[in-house]
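Hi everyone, thanks for coming. Please have a look at the structure on the screen, and then I'll walk you through it.

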Amino acid sequence: MVSGIGAALSALVIGAPVVRAFVSPTLASPPKDDWVKVTDDTALLDVGVPIRLNFVVSEQDAWIESRMVKTVWLFSEDGEKFKAYNGRCTHLGCGYNFDKDANNFVCPCHRGRFDIKTGAVLDGPPPRPLDELEVQIRDSAVFVKYKEYRLGVPQRAEA
Ligand code: FES
């Protein structure tokens, strides 16, 4: 009798996660909100100087959840309107940096350069401008609609 109860409890303890693993991916797919809050306060940002902002996104693939660090660059000329660029170089996806002396973005992988105001390619092999993202200011927080695009191609197409 006791061993029967023990066996039943063991089956429950072991079986529940297995059942959940097969069932939950189909149940747990809330609508995806791509809007990400990248900073709480626009007043903390320097006007005319791009700033790199990192955030973590979780992606669910079947029953495997992965977390990845993503990057956007935020830029404003007047402190009111903001531009956001995906932090991946459009050539092969390297993370680019702000070159303060040249006042543009530079990619360390193949020396691609981009304009900070427009994202246009200034030099190097990138086939298209930086991927600009939608921005919303809610109260004083900045939200970016994060998307990724195919790399190494001249037309912007979602990945
Ligand atoms: S990955 Fe940026 S220039 Fe090649």
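Let's begin with one pair of residues: A84 has L133 in β9 as its bridge partner. Strand β9 covers residues 132-138, and two bridges join β4 to β9, the two strands running antiparallel. When I say that two strands pair, I mean that DSSP finds at least two bridges between them. Strands here are DSSP runs of E with at least two residues, helices are runs of H or I with at least four residues, and the numbering starts at the N terminus.

A word on where this comes from: we are looking at a predicted model, where local features need pLDDT of at least 70, side-chain atom pairs count only at pLDDT 80 or more, and totals for chains, interfaces and linings use all residues. Residues are numbered from 1 along each chain as its sequence is written, and side-chain values use heavy atoms, with hydrogens and water left out.

Now, which sheet do β4 and β9 belong to? They are part of an open sheet of six strands in the order β1-β10-β9-β4-β3-β2, with antiparallel pairing. At its edges stand β1 (35-39) and β2 (51-61), each of which pairs on one side only. On average, neighbouring strands of this sheet are turned by 35° against each other, direction ignored. For such angles, axes are lines fitted to C-alpha atoms, for helices over the stretch in contact, and the angles run from 0 to 180 degrees between N-to-C directions.

Follow β9 onwards and you reach β10. These two pair in the antiparallel sense over five bridges, and I137 has V142 in β10 as its bridge partner. Together β9 and β10 form a hairpin with two residues between them. In that turn, D139 has a positive phi of about 55° although it is not a glycine. D139 is also exposed, with a relative accessible area of 81%. On our scale, buried is under 20% relative accessible area, exposed is over 50%, and partly exposed is in between, using a 1.4 Å probe and protein chains only.

On to β1: it pairs with β10 (residues 141-145) in the antiparallel sense over four bridges, and V36 has V144 as its bridge partner there.

Back along the chain, A62 sits in the loop between β2 and β3 (64-75). Its phi is near 55°, a positive value in a residue other than glycine. A62 is partly exposed, at 40% relative accessible area.

There is also an open sheet of four strands, in the order β5-β6-β7-β8, with antiparallel pairing. β5 and β8 (121-123) are at the edges with a single partner strand each, so one side of each has no neighbour in the sheet. Here neighbouring strands are turned by 40° against each other on average, direction ignored. β7 and β8 pair over two bridges, and F114 has V121 in β8 as its bridge partner.

Finally, how many disulfides does a search of the whole structure find? One, where a disulfide is a pair of cysteine sulfur atoms within 2.5 Å. It joins C94 to C109, with an S to S distance of 1.9 Å. C94 lies in the loop between β4 (83-86) and β5 (97-99), and C109 in the loop between β6 (104-106) and β7 (113-115), so the pair ties together parts that are 15 residues apart in sequence. The torsion about the S-S bond is about -95°, so this disulfide is left-handed. C109 is partly exposed at 37%, while C89 is buried at 2% and C107 is buried at 3%.
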